[in-house]
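Here is a short briefing for the bench. Look over the sequence and the structure first, then read the points by topic.

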Amino acid sequence: MAPLLSTLILLLSSSLALSSITPISRPSHYKPSPKTDDDYDTPLPLIIWHGLGDNYQNEGLTSIGDLATEIHPGTLTYIIRIDDDASADRTATFFGNLTLQLDKVCADLAAHPILSTAPAVDALGFSQGGQFLRGYIERCNFPPVRSLVTFGSQHNGISEFQSCAATDWLCKGARSLLRSNTWSAFVQSRLVPAQYFRDPEQLDSYLESSNFLADINNERELKNQTYKENLERLERFVMYLFEEDETVVPKETGWFAEVNGTDVTLLRERSIYREDWIGLKTLDAKGALEFKTTEGQHMKLTDKLLKAVIKENYGPLGRKLEKEMTEREEL
Ligand SMILES: *[C@@H]1O[C@H](CO)[C@@H](O)[C@H](O)[C@H]1NC(C)=O
Ligand SMILES: *[C@@H]1O[C@H](CO)[C@@H](O)[C@H](O)[C@H]1NC(C)=O
Ligand SMILES: *[C@@H]1O[C@H](CO)[C@@H](O)[C@H](O)[C@H]1NC(C)=O
């Protein structure tokens, strides 16, 4: 491995370890949820894309599948993997060309005996897995996604790989090395986070060289109409931002906001929305776009929050994804 990349993997694995899911407690005994109209239909399968440094066999991810089954009995959960070997799957969260990784995921889902025959699927994306799921929807969307929920994702990219302590010279050195090489084809085709690096102060280089984000965000002159049409098919797109997120810089990227120095431009004020490059404005107009916050650091998830998310956004096709419904159920 080239020295630059081995330095980077060290840097990233130490800084972004928080992206991985820590196991949540399994229900000690299975309690079927009370009967509602929903129970008469099979819930849509749920696909989950994990974050940087995680692997598809992580127990925490499996237990989210258990929660989904507890809330919507019969839910099939599929955890997206780039490699069947867990360790290689983890490595692929750091290294690889996202174009090829997405192609593989598209092919896997389209060939899956159950997923490919479902009328639609639901999707849950953790950290970078959130923008990758969006890439899946825009480029492939077979099977099509009904509800997409993302947690602490980098929809508008990252502008820092991490902040370094004042005396951490190794960290600072590695960061400057990375910054000077971000836009090279070498790094863009190999380092996963570089493919969603987006610094508003280096917008030209980004537009020219970004191997992933500039494309799926339709930021280049030529807009891909399919991306917009596919994303517009979502019935719901919920973006969670962690209030005290210090891992993702800037954290507002979780809501598609742009942060340039101290200026924060919210999604609804940006061209990507106003000119509806990828269908976000259309989704918003039909009430399908939601901006949510949750307290705590990056990927600090509780069972309570996950249960609420599963209950509100997933389940059988044709169920009403309405707020009153949750409110009523909570009474
Ligand atoms: C737009 O995206 C679709 C889906 O990935 C692809 O098939 C098509 O070639 C793209 N069109 C352009 C003009 O790049
Ligand atoms: C990533 O892979 C695609 C497909 O092979 C290729 O067209 C593209 O040039 C690669 N990206 C980079 C930055 O090398
Ligand atoms: C970000 O701010 C810098 C410095 O003020 C400016 O040169 C640049 O054009 C801004 N970028 C965007 C995307 O607005």
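The points below cover confidence, overall fold, one helix and one ligand shell.

This is a predicted model. Its chain averages a pLDDT of 86. The chain holds 14 helices and 8 strands.

**Confidence**
- Of the residues, 80% score at least 70 in pLDDT.
- Residues 10-18 stay under 50. The model still gives this stretch 19 contacts beyond four places in sequence.
- Residues 324-331 are also below 50 in pLDDT. Beyond near neighbours in sequence, residues 324-331 have 3 contacts in the model.
- Where pLDDT is low, the predicted coordinates should not be read in detail.

**Overall fold**
- The chain has 331 residues, and 42% of them are buried.
- Take the contacts between residues at least 6 apart in sequence: 75% of these join residues at least 24 apart.

**Helix α10**
- Helix α10 spans residues 225-232. Its buried residues are Tyr-227, Asn-230 and Leu-231.
- Seen down the axis of α10, these buried residues fall within an arc of 95 degrees, so they line one face of the helix.
- An α-helix has 3.6 residues a turn, so residues three or four places apart point the same way.
- The cover over the buried residues of α10 includes α5 (128-139) and α9 (213-216).

**Ligand 3**
- Pro-200, Glu-201, Leu-203, Asn-260 and Gly-261 surround ligand 3.
- By class, this shell has 2 nonpolar, 2 polar and 1 charged residues.

Key:
Residues are numbered from 1 along each chain as its sequence is written. Chains are lettered from A and ligands numbered from 1 in the order in which they are written. This is a predicted model: local features need pLDDT of at least 70, side-chain atom pairs count only at pLDDT 80 or more; totals for chains, interfaces and linings use all residues. pLDDT is the predictor's confidence in each residue, from 0 to 100. Two residues are in contact if their C-beta atoms, placed from the backbone, lie within 7 Å. A residue is buried if 20 or more other C-beta atoms lie within 10 Å of its own, exposed if 12 or fewer, and partly exposed in between; C-beta atoms are placed from the backbone. Helices (H or I, at least four residues) and strands (E, at least two) are DSSP runs, numbered from the N terminus. The arc is that of the directions from the helix axis to the C-beta atoms. A residue is near a molecule or strand if its C-beta atom, placed from the backbone, lies within 6 Å of it. Ala, Val, Leu, Ile, Met, Phe, Trp, Tyr, Cys and Pro count as nonpolar, Asp, Glu, Lys and Arg as charged, and the others, Gly among them, as polar.
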